[in-house]
Amino acid sequence: MRPVAVVGMGKTPFGAFPDQDLRSLSVEAITRCFRDAQASPGQVEAFYLGNFAGPSFAGQNHLAPYIAAAAGITGVPATRFEAACASGASAFFHAFSAVAAGMYDVVLVAGVEKMTSQPTPVVTEILASAGDLSGEIRAGATFPALFAMIARRHMHEHGTTREHLAAVAVKNHANGAKNPGAHLRKVITLEQALAGKPVAEPLTVYDCSLISDGAAAVLIAPLERAEEFYARPVVIRGIAQTSDRVALDEKDDITTFPAVRRAAEKAYRMAGIGPRDIEFAEVHDCFTIAEIVAVEDLGFCTKGEGGPYSASGCTAIAGELPVNASGGLKSKGHPVGATGVAQICDVALQIRGEAGERQVARRSLGLAQNLGGSGASCVVTVLSAA
Amino acid sequence: MNGIVYTETVVHSAPERYALEAPYQIAIILLEGGRRLTARIAGDRVAIGDRVTLAEDRDGVAYYRKA
């Protein structure tokens, strides 16, 4: 396997864009990515697209060649990857694998979702199709409900509190307010977070990520060819994708995600590092409890301590291990298929030292964690400077 | 069939097909014999550790109530 680098990246802002569709959002991100790399569509040898539910949200299928052609790319493999909310990083993982194996040199990865054209109950129903329709979803579960049940159990077993959950929301909103591309650039107080409208008890609107439109793209190439591109290369040091059962009620312990633990172990081993070496991270805070479980499963703190750890300030931009300096899914927004690719962009931006107001101090080794469903798919990526 | 509530939530923001029933409670029930399932709760609200019993099976969904 040969070393692979991210040699260009581009994102649309995340938000509600009634005049944009899946294709125009994707082309905007891809155009920005080509500009960043000073590359052209003719150099692309394969196109990997992460998208969760374009066919359900927008009715359009066969999305990868549809988007590739609009971006000026034809005649090469163009395939869509679906792994629920981990669709974006799944596309990235498979693109990496092909380049590392020597199959291609220059590969484009994009992620996109267009969600705001549907009313919230319809969006809730489409998102729920990432769960087990024959059991939990039929009984009335939604994704907020599944994570609410995880939160209840985490509180019961580990003493996690509503205040711990709210602290994650307050931090991520403070970070997102510094991100010009974030969907909801609004600082909130602990009191506001605690008094939010209930979605699935104990989670309120402030515990839930946003329904957003957006796209992100990265260009990857062998490290030995990185100098052909304009952008400063960011090396993929370790990456792993894992899977687990889809239904939450088929898991023995719902306060931890074995898929995350296994992906992290494999990515750390591939990078030759341990969790203590990670300097900052973008984690999958689809709900506040998900960030608390993530910092435990990634080994940043001990099992059960994710609540107090998150409330202590350790994970703030100025803390010892900043988590979600971008604002996370909570504030930056969560256009599902775009999220995993956007996390890679956010980590790469920090490593390049271009994150502006939200720049972290220690920036040589960062991690991205993208989660699908209630833990049935996970991708963990470790990135560093060249 | 009896069991114990492993975890629960009250759903306020429901999917389209259950929108008229919200708010409603669902729970993961630990059944005697070790099997788990996600069920709807009928009647009084339940909490983790409560004993529950099968109340009815409606359209393929199990409804449990406090024992």
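How many helices and strands are there in chain A? In this predicted model, chain A holds 13 helices and 11 strands.

The overall dimensions of chain A give a first orientation. Its C-alpha trace spans about 55 × 45 × 35 Å along the principal axes, and its radius of gyration of 19 Å agrees with the value near 21 Å that a compact globule of 386 residues would have. Buried residues account for 64% of the 386 residues in chain A, and of the contacts in chain A between residues at least 6 apart in sequence, 79% join residues at least 24 apart.

One strand of chain A can be followed in detail. Strand β4, residues 107-114 of chain A, is largely enclosed by the rest of the structure, because 8 of its 8 residues are buried. A:Val107, A:Val109, A:Gly111 and A:Glu113 point one way from β4(A), while A:Leu108, A:Ala110, A:Val112 and A:Lys114 point the other way, and all are buried. The table lists the strands that pair with β4(A).

| Strand of chain A | Sense relative to β4(A) | Bridges |
|---|---|---|
| β2 (residues 46-50) | parallel | 5 bridges |
| β7 (residues 213-222) | antiparallel | 8 bridges |

Within these pairings, A:Phe47 has A:Leu108 of β4(A) as its bridge partner, whereas the bridge partner of A:Glu113 in β7(A) is A:Gly214.

Chain A also meets a second chain, with 27 residues of chain A in contact with 24 residues of chain B. On the side of chain B that touches chain A, β1 (2-11), β2 (24-31) and β3 (36-41) of chain B each supply at least two residues, and the residues of that side divide into 13 nonpolar, 6 polar and 5 charged.

Terms used. Residues numbered from 1 in each chain as written. Chains lettered and ligands numbered in written order. Predicted model: local features only at pLDDT ≥ 70, side-chain atom pairs only at ≥ 80, totals over all residues. Buried ≥ 20, exposed ≤ 12 C-beta atoms within 10 Å, placed from the backbone. Helix = DSSP H or I, 4+ residues; strand = E, 2+ residues; numbered from the N terminus. Pairing = 2+ DSSP bridges. Contact = placed C-beta atoms within 7 Å. Nonpolar A, V, L, I, M, F, W, Y, C, P; charged D, E, K, R; others polar. Rg over C-alpha atoms; globule rule 2.2 N^0.38 Å.
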